[in-house]
Amino acid sequence: MRVVQAVLAVWFSLLAWTAPAVSLQSLEKVSISGSDYVRLGEWADSFDFEMKWPRKSEVITLTNAGQTLLLTIDSRKAEIGGTTLWLSLPVVNRGGVAMISLADLRSTLQPVLFPRASDAAVHTICLDPGHGGKDKGEISGSHFEKKYTLLLAADVAELLRGEGFDVLLTHTDDKFIELPDRPAFARQRGADLFVSLHYNSASGPIRGIEAYCLTPPGLSSSNEGGGRSSDPPYVGNEQNDRSVLLAYEVQKNILRHLAFEDRGVKRSRFEVLREARMPAILVEGGFMSSPGDASKIYDPVLRRKMARAIVDGIVAYKRAVEKPLARK
């Protein structure tokens with residue numbers, strides 16, 4: 001009996017997760033530059049969005065009872081509730097009709113707009129402070145990235161425990177760990193989420209925060225300019241819907257807490273994301289090379305606010321994906 005119940009539970013869970021995809025299949029597809037697109041207006045009608053596209057404007061606004069989605073013609077930039085997400089393919093205008101790629105609807109927009117709850121609880125979080133030991137990470141003057149990722153991880157861990165989560169850390173001291181060993185550590189200990197913490201640096205006047213999740217198979221990463229690719233699927237792609245939602249919630253909450261430039265939710269094939277068997281993200285919490293960002297990174301009070309924002313993002317994600325009986 002228990003086996004039958006377990007099979008039925010899995011079946012109903014899969015049914016719930018694939019319901020949006022079934023609706024997408026009913027939309028007429030148009031091939032544009034070798035990729036499947038659908039008419040944005042038809043998709044909007046199917047999901048109860050009101051679409052506004054003023055004449056001579058490149059910006060399209062879609063609203064429903066609780067959400068606002070902004071898209072721009074000939075751009076990969078999307079905004080949900082004011083938070084940026086980067087699509088893999090641009091929204092295009094074909095004969096006065098706005099078209100959006102099926103891949104972006106499936107892998108980016110719908111998982112965020114319509115998260116699906118399941119019976120699985122989100123209780124154990126693995127934090128991965130980036131770099132360590134001989135790997136100093138980014139360097140800005142006398143400041144090493146590895147120092148500040150450890151400090152941030154300690155703050156996030158403390159706040160997560162205060163919310164009732166169990167917390168694992170891939171390391172708690174200045175120690176070098178191979179990249180594949182980090183998600184392996186999370187998997188072996190049964191973590192429900194994997195969050196890798198990093199900071200950025202650049203030679204020019206670049207600033208802001210980014211939250212990364214794994215690039216969908218067959219598509220190029222955000223910093224490569226998007227588009228199609230021949231890259232195969234990885235283990236981490238099995239958690240795409242959850243990972244992009246987690247990245248969005250964390251990015252959104254950091255922006256609410258701190259005055260950072262929004263560089264958006266992005267895609268990349270970082271090794272720690274490729275090998276993660278649970279929802280996984282990598283947070284770039286600002287540029288050490290930017291005076292404005294650096295002031296938030298080095299200041300213990302503002303770093304604590306960053307930690308609080310990351311925790312709030314995880315809590316928001318938990319609320320979105322857990323059915324009430326799964327919550328602890």
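**Loops, salt bridges and burial in a predicted protein chain**

Asp 48 is found in the loop between helix H2, which covers residues 40-46, and strand S3, which covers residues 50-52. In this predicted model, Asp 48 has a positive phi of about 60 degrees although it is not a glycine. The relative accessibility of Asp 48 is 64%, and because residues over 50% are classed as exposed, Asp 48 counts as exposed. A second residue with a positive phi is Lys 56, which is likewise a residue other than glycine and has a phi near 70 degrees. Lys 56 is found in the loop between S3 and strand S4, the latter spanning residues 59-63. With a relative accessibility of 84%, Lys 56 also counts as exposed.

The setting for these loops is a protein chain whose secondary structure comes to nine helices and 16 strands. For 328 residues, a compact globule would be expected to have a radius of gyration near 20 Å, and the value of 20 Å found for the protein chain agrees with this. Taken along the principal axes, the box filled by the C-alpha atoms is roughly 60 × 55 × 40 Å. Of the 328 residues, 50% count as buried. The accessible surface of the protein chain comes to about 14800 Å², and 52% of this area belongs to carbon and sulfur atoms. When contacts with a sequence separation of 6 or more are considered, 70% of them are accounted for by residues 24 or more positions apart.

Charged side chains were examined next. The protein chain carries 41 positive and 39 negative side chains, and the centres of these two sets lie 2 Å apart. Side chains of opposite charge can pair when their charged atoms come close. The structure holds 16 salt bridges, some of which are described here in turn.

The side chains of Lys 77 and Glu 79 meet in one such salt bridge, with a distance of 3.9 Å from N to O. Lys 77 counts as partly exposed at a relative accessibility of 32%, and Glu 79 is also partly exposed, with a relative accessible area of 22%.

Another salt bridge is formed by the side chains of Asp 119 and Lys 323, for which the distance from N to O is 4.0 Å. Asp 119 lies in the loop between helix H3 (102-113) and strand S9 (124-129), whereas Lys 323 lies in the segment after helix H9 (300-321), so the pair ties together parts that are 204 residues apart in sequence. Asp 119 counts as exposed, at 55% relative accessibility, while Lys 323 counts as partly exposed, at 37%.

In a further salt bridge, the side chains of Glu 158 and Arg 304 meet at 3.2 Å, again from N to O. This pair links distant parts of the chain, for Glu 158 belongs to helix H4 (residues 145-162) and Arg 304 to helix H9, and the two residues are 146 residues apart. Glu 158 counts as partly exposed at 47% relative accessibility, and Arg 304 is partly exposed as well, with a relative accessible area of 29%. Salt bridges also occur in a network, in which Glu 28, Arg 39 and Glu 42 are linked.

Helix H3 gives a view of burial within one element. H3 is mostly covered, since 10 of its 12 residues are buried. Among the buried residues of H3 are Leu 102, Leu 105, Leu 109, Val 112 and Leu 113. Asp 104, Ser 107, Thr 108 and Gln 110 are also buried in H3, as is Pro 111.

Attention turns finally to Pro 232, which has its place in the loop between strand S14 (209-214) and helix H6 (240-257). Pro 232 is partly exposed, with a relative accessible area of 43%. When residues up to four places away in sequence are not counted, Pro 232 touches Pro 217 and Asn 237. The C-alpha atoms of Pro 232 and Val 244 are separated by 18 Å, these two residues being 12 residues apart along the chain.

Terms used
Residues are numbered from 1 along each chain as its sequence is written. This is a predicted model: local features need pLDDT of at least 70, side-chain atom pairs count only at pLDDT 80 or more; totals for chains, interfaces and linings use all residues. Side-chain values use heavy atoms; hydrogens and water are left out. Helices (H or I, at least four residues) and strands (E, at least two) are DSSP runs, numbered from the N terminus. The radius of gyration is taken over C-alpha atoms; the globule rule is 2.2 Å times the number of residues to the power 0.38. Buried means under 20% relative accessible area, exposed over 50%, partly exposed in between (1.4 Å probe, protein chains only). Contact means heavy atoms within 4.5 Å. Accessible areas come from the Shrake-Rupley method with a 1.4 Å probe; for residues, only the protein chains shown count as cover. Lys and Arg count as positive and Asp and Glu as negative; His and the chain ends are not counted. The place of a charge is taken as NZ of Lys, CZ of Arg, CG of Asp or CD of Glu.
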